[in-house]
Amino acid sequence: MVLRRRARRATTVAAALTSAALLAAGCSSSGGKGGEEQSNGAGGGKGVNTPRMTIAMVSHSGDGDTFWDIVQSGAKDAARKDNVQFDYSHDEEAGRQAQLVKSAVDKKVDGLIVTLAKPDAMKGVVKKAVDAGIPVITINSGGQYSKDFGAISHIGQDEAIAGEAVGDELNKRDRKKALCVIHEQGNVSLEERCDGAKKTFDGEMSTLNVDGTNMPDVQSSVEAKLQSDDDIDTVLTLGAPFAATSAKAKEKAGSKAEIDTFDLNAQVVQGLKDKSFGFAVDQQPYLQGYEAVDALWLHSYNANELGGGKPVLTGPQVVTDKDVPRLEKYTKRGTR
């Protein structure tokens with residue numbers, strides 16, 4: 001009798017444990033994103049069990065821009081989690097960028113992520129995507145055009161607000177004369193950064209257009225400007241790779257100007273750490289890529305739309321040497 005009761009209790013416990021295990025398995029595979037909690041780091045974890053979809057991102061980046069490496073890191077991590085085939089292409093020339101978007105539309109991708117650095121060139125192809133029933137999210141640049149072009153959301157920073165934050169920071173540092181280096185002429189976002197900084201900066205700010213695809217040209221142009229005007233006490237670059245180049249120009253020119261920049265990478269964080277750079281403005285590119293892919297997945301899976309018709313802001317955040325201990329490991333990892 002005792003043995004039979006023990007056997008019945010063991011059977012009951014085993015059944016209960018089996019039921020709990022089945023229930024847990026059911027919970028983790030429902031709701032679309034249960035595997036996310038299993039992630040043990042960027043890009044880790046088990047993906048969802050939703051149908052495979054293809055998302056294309058087409059940016060205005062040139063070759064070798066570390067900013068877009070970070071954007072892609074975020075997008076790829078979200079793609080792995082969301083069971084997405086992620087295709088990336090880019091071209092700094094607006095007409096060729098538009099052609100890449102058209103190719104993605106012709107392939108009938110399930111979602112499209114585009115930048116609007118040259119909005120006039122992109123308007124027609126974005127409309128073509130929307131008319132074809134492809135949901136579009138814009139990122140990084142041209143947020144003020146996103147809604148009118150038919151995109152469901154824009155993810156990035158407000159460039160004018162970011163510029164204004166720079167002007168405020170320069171005032172705190174008692175800067176008097178700044179040079180804003182625009183590395184891609186005609187890029188509306190870069191122009192907005194300089195214009196925003198001029199708006200709040202109490203000192204004098206001039207702009208210098210350079211060919212961002214030619215670093216020797218960037219260096220020589222900044223160097224010449226610094227040599228011709230000893231009163232320039234700040235060089236503001238609009239992308240992380242140009243900060244290091246401007247630092248070389250400063251050294252060659254014998255200038256004491258502070259180098260400040262938009263965007264982060266490992267080299268900029270090291271420059272903040274050793275005080276060769278003053279501050280950086282972070283717009284969190286990893287977040288732009290990650291949230292854009294994830295937002296398109298959510299739109300497909302659950303008809304969600306981010307922002308309520310307003311841009312989803314990822315910046316600006318002014319970063320100084322005081323922030324280095326908190327951020328350094330992430331820039332080395334390539335996600336900040």
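Two strands count as paired if DSSP finds at least two bridges between them, and strands themselves (E, at least two residues), like helices (H or I, at least four), are DSSP runs numbered from the N terminus. With that in hand, let us start at one such bridge: Val58 has Ser89, in strand 2, as its bridge partner.

A word on the source first. This is a predicted model in which local features need pLDDT of at least 70 and side-chain atom pairs count only at pLDDT 80 or more, while totals for chains, interfaces and linings use all residues. Residues are numbered from 1 along each chain as its sequence is written, and side-chain values use heavy atoms, leaving out hydrogens and water.

**The sheet**

Strand 1 (residues 53-59) and strand 2 pair in the parallel sense over 7 bridges. They belong to an open sheet of 6 strands with parallel pairing, in the order 2-1-3-4-5-11. Strand 2 (84-90) and strand 11 (312-313) are the edges; each has a single partner strand, so one side of each is left without a neighbour in the sheet.

Two helices that meet these strands are set out below. Contact means heavy atoms within 4.5 Å; axes are lines fitted to C-alpha atoms, for helices over the stretch in contact, and angles run from 0 to 180 degrees between N-to-C directions.

| Helix | Strands met | Angle to strand 1 |
|---|---|---|
| Helix 3 (residues 94-106) | strand 1, strand 2, strand 3 (111-114) | about 170 degrees |
| Helix 11 (residues 285-302) | strand 1, strand 2, strand 3, strand 4 (136-139), strand 5 (153-156) | about 140 degrees |

**A look at Val318**

Val318 sits in strand 12 (residues 317-319). Is Val318 buried or exposed? Val318 is partly exposed, as its relative accessible area is 27%; buried means under 20%, exposed over 50%, and partly exposed in between (1.4 Å probe, protein chains only). Leaving aside residues up to four places away in sequence, Val318 touches Ala165, Glu169, Phe279, Ala280 and Asp323. Of these partners, Ala165 is 153 residues from Val318 in sequence, yet their C-alpha atoms are 7.7 Å apart.

**The chain as a whole**

The protein chain has 12 helices and 12 strands. Of its 336 residues, 48% are buried. Among contacts with a separation of 6 or more, 72% join residues 24 or more positions apart.
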